[in-house]
Amino acid sequence: MPLFEQKLKGRVYLVGAGPGDPGLITLRGVECLAQADVVLYDYLVNAQILEHVAARAELVCLGRHGHGRIWPQPAINERLVAEARAGKIVVRLKGGDPAVFARVGEEVTALTAAGIDFEVVPGITAALAASSYAGIPLTHRDAASAVALVTGHESDKQEPALDYRALATFPGTLVFYMGVTSAAQWAGELMAAGKPAATPAVIVRRCSWPDQRSVHCTLATVADRVADQKIRPPALVIVGEAVSHDVARSWFTSRPLFGIRVMITRPKGQAEPLRRRLCELGAEVIVQPAIAIGPPNDWSAVDFALRRLPEFEWLVFSSVNGVAYFLGRLCSAHGDLRLLAGVKLAAIGPGTSEELAKYHLQTDVVPTEFRAEALADELARQAAGRRVLLVRASRGRETLAERLTSGGALVEQVVAYQSRDVASPDAEISELLRAGRIDWITVTSSAIARALAAMFGDDLRRAKLATISPITSAAFRDCGFEAAAEAKTYTMDGVVEAILEFGNPPP
C-alpha cells in the first residue's frame, strides 16, 4: 500500500477506562489516548483520564443521564465508522471493561462490516475493583469457588434470557451490574427460584471514586436499602456467602482524607504534585487556578541580564517559576549553563532548590525557614558588597531586595515571568463552593490569596482555608478572611500536614 494511503487509513481503539480511579487505566489505554484524533467517551469516565489526550484531539461526550440526550448505540457506531473513514485515529473510551456489559460486540460488528481496523484494550471491570477497593471478596475458599457477572437490566426480549433457577443454585458469588433500579425484580426472582432470603449482599456505589459507598444488606432487603438510602447508579450489588467474609474497613475508605473534597488553586500545570499527594490520602481533588503564570511580555530585560551574568557574584531565585523561566531562556537563547560559571546560587526553599537540581545545579544557600526574610538574613552576611541578581515575578513583595540592599548588597532585579489573576472560576466549581460542598481550599502564595478573595468573595467562607505560611495567612487576613490551618513547614507537604492535623491534632 502506498505511504499516503496508509496515513489516510483510520483506526479505532475500544478502550476500557476502568471503574473510576484514573490510575486504573492500562498503559496501553494511555498510549491510545495520546495518539487519538477523536475521543468518544462515556460520561462515567473520570475526567482526569482525558488529560492523557493531546490538546489537538476532539473530545465528544456521549451524553449524561439528566443532562441532555444520551447517544443511541447506532449513532455511536456510525460516528466511529465515519471518523475512521476520514483517516482519523479514534478512541472509544468506556467505563470499566469494554467486553463487560459495554456493548463492544455491536461496535466490533459495525467496524468489521465497514472494513475498519480496530483494537480492543481491556479495562478493570467494576466487580473486580469492588473486591479490592471495598474489601469484599468475590471468591473465598470456604464460601465461593466461582463468580457470575449478571446484568440487572436486560434489553427488551420476548423471553427473559436469565435462568434464575440456575443462578439461585450457582456455587459462588453473583454480581449484578445495572441492577439498582430493578433490584426488587431480580431479587424477587432469585428468592422465588430458591435462593435464601438471608443470603448476604452488599451494594457498592461509585466503586474506586473518592465518594465510594458500601451498604450491607441481604437478598431480601436489597431493594429496601436502595430505596431508603436513595442509592442511584452507578452501583453494583454483590450477592453470596463470600460477602460475609469482608474486611471491617477497606484500605480505600480508611485513608485519612477519604470523603474530603479539596480545591487546589495553583497555576495550571503546577498542581500535579500536590494533587497526587492529596489523592493518595483519599481526598477528592478539584483544581481551580487562581493565578496564571507565563513568560514576560518582553524578554529584553532578561536577555540583558543573561548577557551580563559574569558581572554578578550571586544569583537569587525566590520561586520555582523563576528558575524555570530564567534558565529556560538561558538555554534556549544564550547558550548553556556554562554561563553560570563562578556565580553562586541561592534559593528560597527546597522546591526552588529541587528545580535548580533539574539543571544539575547545586544551591549554595537555602534558608532553614522558607520565606524571603529568612533568605535575606541567611544571605546578607555573604552578599554584603557583592553584586546580586534577584530573579522574580512581575509582582510580589519587595522584602528580599530591600533587606539585601540594607545589608550592603548591590542588588539588581529582573522579571522572569508574568503572574496575573484568573478572571473568573469554572462555573461548576463556583457552584460547589457556593453550596458548601468544598471542604478545603489550599492557598500557596499571597498572590493566590488575594486572587481568590477577588474571585469568590464571601463564598470563601463556606470552605476551610489552608495556607502555606504566616505571610499568606496575613494576605488573606488583609482581605477579611482567616485561615483554618497554616503550614508549619512552608512547603506543599506542609500544607497537607496542616490539613491532616486539623482533623487529628497532635497530642
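Which residue stands opposite Leu236 in β10? Select Leu236 and look across to the neighbouring strand: the residue facing Leu236 is Tyr177. Keep in mind as you click around that this is a predicted model.

**Stop 1: β10 and its neighbours**

Tyr177 is in strand β7, so widen the selection to residues 173-177. β7 and β10 run antiparallel, joined by four bridges. Now add residues 200-205, which make up strand β8. β8 also pairs with β10 in the antiparallel sense, this time over five bridges. Pick Ile203 and you'll find that its bridge partner in β10 is Val237.

Next, show the side chains of β10 itself, residues 235-239. Is this strand covered or open? Five of its five residues are buried. In a regular strand the side chains alternate between the two faces of the sheet. Here Ala235, Val237 and Val239 sit on one side, with Leu236 and Ile238 on the other, and all are buried.

**Stop 2: a nonpolar patch on the surface**

Switch to a surface view and select Phe101, Val147, Leu149 and Met178. Together they form a nonpolar patch with about 310 Å² of accessible area. Val147 belongs to strand β6, residues 147-151. Val147 counts as partly exposed because its relative accessibility is 35%, which falls between the 20% and 50% cut-offs.

**Stop 3: β16 with a strand on each hand**

Go to residues 387-393, strand β16, where six of the seven residues are buried. Add β14, residues 314-317: β14 and β16 pair in the parallel sense over four bridges. Trp314 is a handy marker here, standing opposite Val388 in β16. Then bring in β17, residues 410-421, which pairs with β16 over seven bridges, again parallel. In this pairing, Val391 stands opposite Val414.

**Stop 4: the five-stranded open sheet**

Last, colour the strands in the order β12-β11-β18-β19-β20; this is an open sheet with parallel pairing. At the edges are β12 (284-287) and β20 (485-486), each of which pairs on one side only. Zoom in on β18 (residues 440-443) and β19 (residues 464-467), which run parallel and are joined by four bridges. Ile441 stands opposite Leu465 in β19.

Now turn on the helices. α17, residues 470-478, packs on the sheet and touches β18, β19 and β20. Its direction makes about 140° with that of β19. Finish with α15, residues 427-434, which lies across β11 (261-264), β12 and β18. α15 runs at about 125° to β12.

Notes: Residues are numbered from 1 along each chain as its sequence is written. This is a predicted model: local features need pLDDT of at least 70, side-chain atom pairs count only at pLDDT 80 or more; totals for chains, interfaces and linings use all residues. Side-chain values use heavy atoms; hydrogens and water are left out. Two strands pair if DSSP finds at least two bridges between them. Helices (H or I, at least four residues) and strands (E, at least two) are DSSP runs, numbered from the N terminus. Contact means heavy atoms within 4.5 Å. Axes are lines fitted to C-alpha atoms, for helices over the stretch in contact, and angles run from 0 to 180 degrees between N-to-C directions. Buried means under 20% relative accessible area, exposed over 50%, partly exposed in between (1.4 Å probe, protein chains only). Patches are made of residues with over 30% relative accessible area and no salt bridge: like charges are joined within 9 Å, nonpolar side chains (Val, Leu, Ile, Met, Phe, Trp, Tyr) within 5 Å. Accessible areas come from the Shrake-Rupley method with a 1.4 Å probe; for residues, only the protein chains shown count as cover. A salt bridge is a side-chain nitrogen of Lys or Arg within 4 Å of a carboxyl oxygen of Asp or Glu.
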